[in-house]
Amino acid sequence: MKLLEQIKIGNYTLKNSMVMAPMTRSRANFDGIVGDNTVLYYTQRVSAGLIISEAINISKQAIGSPLTPGIYTSEQISAWKKITQAVHEKGGVIYAQLWHTGRVGHSLVKNGEKPVSPSPLAIEGQQHFTSEGMKDYETPRELSIEEIKNIVQDYKQAAINAMEAGFDGVELHSAFGYLPNQFLAESVNQRNDQYGGNTENRNRFVLEIMQEMIKAIGSDKVAIRISPTSTYNSIIHQNPLEQFTALIEDLNKMPLSYIHIMNVPFPADKFPLYPANSVETFGKLTQHKVIANCGYTKETGEEELEKGIAKLISYGTLFLANPDLPKRFELNAELNQPDRATMYGGQDQGYTDYPFLNQ
Ligand SMILES: Cc1cc2nc3c(=O)[nH]c(=O)nc-3n(C[C@H](O)[C@H](O)[C@H](O)COP(=O)(O)O)c2cc1C
């Protein structure tokens with residue numbers, strides 16, 4: 001089975017081609033510090049060839065949701081050290097997913113600070129979870145050029161901090177409508193300066209972050225996640241083919257460890273210009289190893305690898321509910337079902353108590 005074959009990513013040989021997808025679990029404390037239950041959660045899943053951490057806030061400003069972890073204070077970095085050490089002791093490889101939520105937040109979870117974005121346009125048709133329940137999104141504050149440059153530096157510092165915390169690499173979360181994705185999309189980015197107005201300018205923020213992170217932590221340690229067809233968080237591209245083709249061509253000039261492509265379903269009647277299959281369309285353009293994601297099973301994951309475009313498959317909910325997923329695939333064993341009620345927030349239930357096969 002290709003899913004169980006070894007593969008090289010950057011300088012690491014992974015024990016199989018199955019990746020644990022990044023998953024926010026909202027179990028840090030109020031200071032964004034992860035605890036011992038998180039050490040257990042990740043080490044339970046160490047049979048994944050690669051673990052990508054939950055999204056980690058790069059700064060205080062980056063926070064969008066309560067109880068999500070950070071990597072910008074020494075206490076936060078020390079807490080992550082325990083996790084990377086434990087994962088390494090058990091022979092695992094772990095990347096940190098770096099996160100700035102931009103406009104996907106609320107002043108109620110940001111100490112009264114307004115969310116920020118390339119342009120002052122609110123997310124419509126969705127609400128945000130806050131300490132006072134679900135709330136409509138606020139109109140974000142438009143970032144100045146100086147602030148944008150500072151955020152690029154925050155990503156660079158977060159990448160340095162991730163290395164200090166013992167992570168094997170970093171993945172830029174440029175998917176699902178968070179800040180880098182906001183810069184890529186016309187529905188959010190209506191700037192007329194060097195960060196908006198045309199394809200090249202909309203890509204600039206992402207490319208600058210990637211360049212800075214590579215300069216800071218070295219080649220083959222930096223990766224990116226994209227979701228060209230996701231409409232979540234009011235992301236609409238006029239021409240995703242043009243936008244992401246240009247992005248991938250520029251990323252091809254950089255020494256990345258992988259590109260993680262989310263193949264998100266979308267209403268095809270509403271978006272006739274959207275490519276039907278992002279892994280196929282954009283995977284073919286990249287020179288980097290492709291991790292494919294969204295809705296794969298053992299069978300469809302194996303079929304995807306057989307096609308040859310994607311070299312690895314990432315699994316979200318299946319890894320959440322099955323700490324020993326590779327073993328279960330190998331033995332064709334039954335799978336635990338994920339419990340949606342305990343996905344975000346809570347204690348050990350639905351976090352570290354999913355049974356292993358022999359339990
Ligand atoms: C509880 C939960 C939290 C998630 N948090 C993140 C996240 O922090 N970063 C991210 O890029 N994707 C996040 N995702 C999306 C997953 O990485 C993945 O793309 C999604 O679950 C689809 O893959 P699957 O069909 O294998 O579950 C999350 C998904 C779930 C279920």
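User: Which handedness does the β-α-β unit made by E13, helix H8 and E14 have?

Analyst: This is a predicted model. In it, strand E13 covers residues 290-293, and strand E14 covers residues 312-315. Helix H8, residues 298-307, lies across both strands and runs at about 155° to E14. The β-α-β unit that E13, H8 and E14 make is right-handed.

User: In which sense do E13 and E14 pair, and which residue in E14 stands opposite isoleucine 291?

Analyst: E13 and E14 are joined over three bridges, in the parallel sense. Opposite isoleucine 291 in E14 stands leucine 312.

User: Are the residues on the two faces of E14 buried or exposed?

Analyst: Leu312 and Ser314 lie on one side of the strand, and Ile313 and Tyr315 on the other. Both faces are covered. The four named residues, Leu312, Ile313, Ser314 and Tyr315, are all buried.

User: Which residue of E14 stands opposite methionine 20?

Analyst: E14 also pairs with E3, in the parallel sense and over three bridges. The residue in E14 opposite methionine 20 is tyrosine 315.

User: What do the strands E3, E4, E5, E10, E11, E12, E13 and E14 form?

Analyst: Their order is E3-E4-E5-E10-E11-E12-E13-E14, with parallel pairing. Neighbouring strands of this sheet are turned by 25° against each other on average, direction ignored. Together the eight strands form a closed barrel.

User: Where does H1 pack on this sheet, and what angle does its direction make with that of E4?

Analyst: Helix H1 touches E3, E4 and E5. The angle between the direction of H1 and that of E4 is about 150°.

User: Which helix do the buried residues of H1 pack against?

Analyst: H1 spans residues 36-44, and its buried residues are Thr38, Val39, Tyr41, Tyr42, Thr43 and Gln44. These pack against strands E3 (18-20), E4 (50-57) and E5 (94-99). They also pack against a helix at residues 74-89, which is H2.

User: How many of the residues of E10 are buried?

Analyst: Strand E10 runs over residues 169-174 and is mostly covered. Gly169, Glu171 and His173 point one way, while Val170, Leu172 and Ser174 point the other way. Both sets are buried, and the count for E10 is six of its six residues.

User: Which residues are the bridge partners of glutamate 171 in E5 and E11?

Analyst: E5 and E10 pair in the parallel sense over four bridges, and one of the residue pairs is tyrosine 95 with glycine 169. On the E11 side, E10 pairs in the parallel sense with residues 222-226 over five bridges. Glutamate 171 in E10 is the bridge partner of glutamine 97, and in E11 the partner of glutamate 171 is alanine 223.

User: How do the axes of H3 and H5 cross, and with which handedness?

Analyst: Helix H3 holds residues 145-164 and helix H5 residues 199-217. Their axes come within 9 Å and cross at roughly 35°. The crossing is right-handed.

User: How many nonpolar, polar and charged residues does the contact of H3 with H5 have?

Analyst: From H3, the residues in contact include Ile148, Ile151, Val152, Tyr155 and Ala159. Among those they meet in H5 are Phe205, Ile209, Met213 and Ile217. By class, the contact has twelve nonpolar, one polar and four charged residues.

Note on methods. Residues numbered from 1 in each chain as written. Predicted model: local features only at pLDDT ≥ 70, side-chain atom pairs only at ≥ 80, totals over all residues. Heavy atoms only, no water. Buried < 20%, exposed > 50% of the residue type's maximum accessible area, 1.4 Å probe, protein only. Contact = heavy atoms within 4.5 Å. Axes fitted to C-alpha atoms, helices over the stretch in contact; angles between N-to-C directions. Left-handed = near helix turned anticlockwise from the far one by under 90°. Nonpolar A, V, L, I, M, F, W, Y, C, P; charged D, E, K, R; others polar. Pairing = 2+ DSSP bridges. Right-handed = clockwise from strand over helix to strand, strands pointing away.
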